[in-house]
Amino acid sequence: ENDRLLEKIESGQVAKVYFQFGTDMSLLQSGLDFICKVREEKGLHDLDICGSIFLPTKKLIAQQKFRPWNGVYLSDEFLSGEAGAKSTVLQMIRMYQKYNAELLFEAPGIRTEKDFAVMTDLLQESCDSDASPDGSDSTSNNAPAGGRSR
């Protein structure tokens, strides 16, 4: 998969790499590391990263338990309820922020004021912590800080 992605990036036609939602943090970490390495080695500093985020709501969790998206891995912790899903999503947001990735909230996205409040709370909580996604002190991290949301 990385070889095919590298071919596409080298074609010059790719401006952004999109990471589909999934809760395998080690796989996400390795994918983000790969893209950052490619960016650095190829001098592609304009190559953007976008990460998919689900709102950790009862409705979404029930939907994903009943009819999960094809190819999307969701951990038992995420599917256990809102608290587990929120913890997982916060880990993902912090990881994406570590890599200065754009956040894309989807499935079904931000449709109501309540959804907007959940998103805002997640973003605020992700910024309130000094811990990096793996629990270590983020000040020792060499990756770019920050993050964007849509």
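## A tour around strand β2

Start by selecting Tyr 18 and Cys 50: Cys 50, in β2, is the bridge partner of Tyr 18. Keep in mind that this is a predicted model.

**Next, the strand pair.** Select residues 16-19 for strand β1, then residues 48-54 for strand β2. The two strands run parallel and are joined by four bridges.

**Then the link between them.** Add residues 25-42, helix α2. Together, β1, α2 and β2 form a β-α-β unit, and that unit is right-handed.

**Stay on β2.** Is this strand mostly covered or mostly open? Colour residues 48-54 by burial: six of the seven are buried, so by the cut-off used they fall under 20% relative accessible area. For the protein as a whole, 41% of the 150 residues count as buried.

**Now move to another partner of β2.** Select residues 102-106, strand β3. Which way does β3 pair with β2? The pairing is parallel, over five bridges. For one residue pair to display, pick Ile 53 and Phe 105: Phe 105, in β3, is the bridge partner of Ile 53.

Turn on the side chains of a strand as well. In a regular strand, side chains alternate between the two faces of the sheet.

**Zoom out.** Show the whole chain as a cartoon. There are six helices and four strands. Trace them along the sequence and the order reads α-β-α-β-α-α-α-β-α-β. Among contacts with a separation of 6 or more, 75% come from residues 24 or more positions apart.

**Finish with the surface.** The protein exposes about 9000 Å². Carbon and sulfur atoms supply 48% of that area.

Technical notes:
Residues numbered from 1 in each chain as written. Predicted model: local features only at pLDDT ≥ 70, side-chain atom pairs only at ≥ 80, totals over all residues. Heavy atoms only, no water. Buried < 20%, exposed > 50% of the residue type's maximum accessible area, 1.4 Å probe, protein only. Contact = heavy atoms within 4.5 Å. Areas by Shrake-Rupley, 256 points an atom, 1.4 Å probe, with all protein chains shown as cover. Pairing = 2+ DSSP bridges. Right-handed = clockwise from strand over helix to strand, strands pointing away.
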